[in-house]
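Visitor: I have just opened this structure and would like to be walked through a few of its parts, one question at a time.

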Amino acid sequence: MHWRLPISIAGSPIICASPQQRELSMSLPKDDAATLSARWTEGVLLKRDVFSTVERGRFRADTGEVDAVLRRLDEVPWWSFLLARHLFAREKHALALAKGLNVGPELLWAGRRALVRGFVDGVALHLAKPHGDLAYFRSAKAALRRLRRAGICHNDLAKEQNWLVGRDGRAYVTDFQLAACFARRGRLYRILAYEDLRHLLKHKRSYAPEALTPRERKILAKKSFAASLWLATGKKVYRAITRGLFNFTDREGGGRRLVNDAPVLAELIRKNPAVRDTAIVAFADRRSGVGLYAFVEADQATLEGQIRNELTAAKGPKPPEHIQVVHALPRDTSGKPRTEILQLVAMNQLDLIEPMMKNDQDRAFLKDILEQRKNLRDRFNFEADLPAG
């Protein structure tokens, strides 16, 4: 097998897949492992949870090698495997049915416990933040219409992570694990399609509220009976199972460490008198599942060791895997750190950053941070040529 991790940045050494990664690949069914061995090039780990491992890399399709995303079940624990396999089957079916609609990733290949979908060149809604972008929301509505005509209800569009803002400005959807496909447009189909639309309009209300039409406002104000029932009963059970039994929290892919540990760690870091501010984001880690990356705004470049010692001595949450001292954090117009940029740096998805740079201050930050970034375990050669500022 030749699972490989190619060169990332000019001058960097080539990093090869570890024996442990090769061993993990062998736990896939033989047909799956054989296909991936011949056609998949390992890249950046995007997410790992109890339902699947998702990574970005390249796939050798019939038309040539393309950027792609792999979902695999070989690292799923036994106690969540049945549910993981069910979600996998739903995504596989929905992606096959959506082929050619140009509303999301194309299904490139699917095996028994792994599938490869095309990579959509864009960033998630919560990172792109398309304030006032009316064309984007018109595109999103058109995407939903195409899905409806194909009999597909996504069922997970309340998450901003599942809406993408493409480099072409258009809307795309991803992560079809909860999708439902219908041959006939019965009552259940109409309810689920209505909820998909209502969730889209909630995002439109967040980013372009002035563009909501009177009809759209009525839809926002009226949940379906099924949605109301779900909020009152099913969602509570779902949270009890996922957050209790599965110990699973999915806030922007960060899990419980981002939700529970990051705020405590940030307060401890700010107690250091040399620190002006800090921002902590999560990234997928091949060994620990989810890691934390702290960007610390300070003038002392040698402060990292001191901060790590202070966090260890505090005997609180586990310190971040990476701590990077920067002269200035990128900030939005209100002065808040632009965690959407920091998130992409931590995840090594550098090619997605360039369209998000708003001003010379952001470009100066990037020039300063990229050469010094800490998470170099997962690197791949899809970085863009970033302006020097």
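Guide: Before we begin, please keep in mind that this is a predicted model. We can start with a pair of strands: strand E3, which covers residues 40-49, runs antiparallel to E4, and the two are joined by 7 bridges.

Visitor: How many residues lie between E3 and E4 in their hairpin?

Guide: The bridge partner of Asp 49 is Ser 52 in E4. E3 covers residues 40-49, while E4 covers residues 52-61. The two strands form a hairpin, and the number of residues between them is 2.

Visitor: Which residue in E5 is the bridge partner of Arg 58?

Guide: E4 also runs antiparallel to strand E5, residues 64-72, and 9 bridges join the two. They too form a hairpin, with 2 residues between them. Within this pairing, the partner of Arg 58 on the E5 side is Asp 67.

Visitor: Of the 10 residues in strand E4, how many are buried?

Guide: A residue counts as buried when its relative accessible area is under 20%. By that cut-off strand E4 is mostly covered, and the number of its buried residues is 9.

Visitor: Is Thr 278 buried or exposed?

Guide: Thr 278 lies in strand E13, which spans residues 277-285. Leaving aside neighbours within four places in sequence, its contacts include Ala 266, Ile 269, Val 296 and Leu 329. Because its relative accessible area is 3%, and the cut-off is under 20%, Thr 278 is classed as buried.

Visitor: Which residue offers the backbone oxygen that the side chain of Thr 278 reaches at 3.0 Å?

Guide: Among the residues in contact with Thr 278, beyond its neighbours within four places in sequence, are Ala 294 and Phe 295. The backbone oxygen reached by the side chain of Thr 278, at 3.0 Å, belongs to Phe 295.

Visitor: How far apart in space are Ala 328 and Phe 295, C-alpha to C-alpha?

Guide: Ala 328 is found in the loop between strand E15 and helix H11, and it is partly exposed because its relative accessible area of 32% falls between the cut-offs of 20% and 50%. In sequence, Ala 328 and Phe 295 are 33 residues apart, whereas in space their C-alpha atoms are separated by 9.4 Å.

Visitor: How many residues make up the second, separate core?

Guide: The largest nonpolar core has 66 residues, and Phe 295 and Ile 353 are among those that touch the most other members. The second core, which is separate and includes Ala 282, Val 290, Leu 303 and Ile 307, has a residue count of 18.

Note on methods: Residues numbered from 1 in each chain as written. Predicted model: local features only at pLDDT ≥ 70, side-chain atom pairs only at ≥ 80, totals over all residues. Heavy atoms only, no water. Core = buried A, V, L, I, M, F, W, Y, C linked by side-chain atoms within 4.5 Å. Buried < 20%, exposed > 50% of the residue type's maximum accessible area, 1.4 Å probe, protein only. Helix = DSSP H or I, 4+ residues; strand = E, 2+ residues; numbered from the N terminus. Pairing = 2+ DSSP bridges. Polar contact = N/O pair within 3.5 Å; in protein donor to acceptor, adjacent residues only side chain to side chain. Contact = heavy atoms within 4.5 Å.
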